[in-house]
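Biologist: I would like a close look at one part of this model, with its surroundings worked through slowly and every cut-off spelled out as it comes up.

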Amino acid sequence: MITLLLGVTAAILLVAGPTMVVQGLAGRRTVSQELARQRISFPATGSLPGGLDRYAGVPVHTGAQARAFSDLIAENLTQATGGRTYAEIVEEWMAGGRTDEKLARLRQTAFMGQSLRGALLGAYQAWQITLLVIGLGAVFTTVGTAFLALALHGA
């Protein structure tokens, strides 16, 4: 009975594991292709803030690069808005009767920057999930192989 259970479990794991690895790799390829289609690149000249110099001139094709570019946007937004959030700028703009054109432009800048950051962080999170799926697939495959060996040797 135990041998049968090990064999069935091994079969399930040996199907699920490689499937997860393949799907994780396909997900990574999809994220990378979508980032490449966006044609996002770090500035090639000038010093980048927060230790991002290693990315100078590099196109964004990976989750780590998307996260780093998001950090660059955050730094630029902080400078542009004086550290205020989109919500704080909107509140100030509304309190002023929605007539201040400078605040209206700043509101638009903050909105676009936060939207871009959200999209890039979403790509980073998807990249991280693909890593998890690949890792779990490898673990499932390893455990399935061990279970199969035990089942074949009459554990």
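Let us begin with A68: what is its relative accessible area, and does that make it buried or exposed?

Modeller: A68 is buried, because its relative accessible area is 4%, where buried stands for under 20%, exposed for over 50% and partly exposed for anything in between, with a 1.4 Å probe and protein chains only. Please keep in mind that this is a predicted model, in which local features need a pLDDT of at least 70 and side-chain atom pairs count only at pLDDT 80 or more, while totals for chains, interfaces and linings use all residues. Residues are numbered from 1 along each chain as its sequence is written, and side-chain values use heavy atoms, with hydrogens and water left out.

A68 belongs to helix 2, a helix being a DSSP run of H or I of at least four residues, numbered from the N terminus. If residues up to four places away in sequence are set aside, A68 touches F42, L52 and Y55, contact being heavy atoms within 4.5 Å. F42 is 26 residues from A68 in sequence, yet their C-alpha atoms are 9.3 Å apart in space.

Helix 2 itself has 19 residues, which should span 27 Å at 1.5 Å a residue, and the 26 Å between its end C-alpha atoms agrees with this; the expected span is 1.5 Å times one less than the number of residues. Its buried residues are G63, Q65, A66, A68, F69, S70, L72, I73, L77 and T81, and they pack against helix 1, helix 3 and helix 4. An α-helix has 3.6 residues a turn, so residues three or four places apart point the same way. After helix 2 comes G82, whose phi is positive, near 65°.

Two other residues of the helix deserve a word beside A68. S70, also in helix 2, counts as buried because its relative accessibility is 0%, and beyond four places in sequence its contacts are R117, L120 and L121. F69, with the same four-place exclusion, touches I40, S41, F42, V60 and L120.

The wider setting is the largest nonpolar core, which has 17 residues, and in which L35, F42, V60, F69 and L120 touch the most other members; such a core is a set of buried Ala, Val, Leu, Ile, Met, Phe, Trp, Tyr and Cys residues joined through side-chain atoms within 4.5 Å. Helix 1, helix 2 and helix 4 each give two or more residues to this core, and helix 2 gives the most, with six. Another core lies apart from it and has six residues, including I89, W93, L103 and A104.

The rings can be followed in the same manner, if Phe, Tyr and Trp (its six-membered ring) are paired when their centres lie within 6.5 Å, with planes under 30 degrees apart called stacked, over 60 edge-to-face and the rest tilted. The count by this rule is three aromatic pairs. One of them is the stacked pair of F42 and Y55, with 4.9 Å from centre to centre and 15° between the planes. F42 and Y55 both sit in the loop between helix 1 (2-37) and helix 2 (63-81), 13 residues apart, and both are buried. Y86 and F111 make a tilted pair, 5.6 Å centre to centre and 55° between the planes. Since Y86 lies in helix 3 (residues 86-95) and F111 in helix 4, this pair ties together parts that are 25 residues apart in sequence. Y86, at 30% relative accessibility, counts as partly exposed, as does F111 at 44%. Returning to the neighbourhood of A68, F42, Y55 and F69 form one aromatic cluster.

A charge also meets a ring at helix 2's residue number 67: the charged end of R67 sits over the ring of Y124, 5.1 Å from its centre, a charge being over a ring if NZ of Lys or CZ of Arg is within 6 Å of the ring centre and within 35 degrees of the ring normal. R107 likewise lies over the face of W93, at 4.1 Å from the ring centre.

Lastly, the loop ahead of helix 2 holds R39, a residue other than glycine with a positive phi, near 55°. R39 is exposed, as its relative accessible area of 76% shows.
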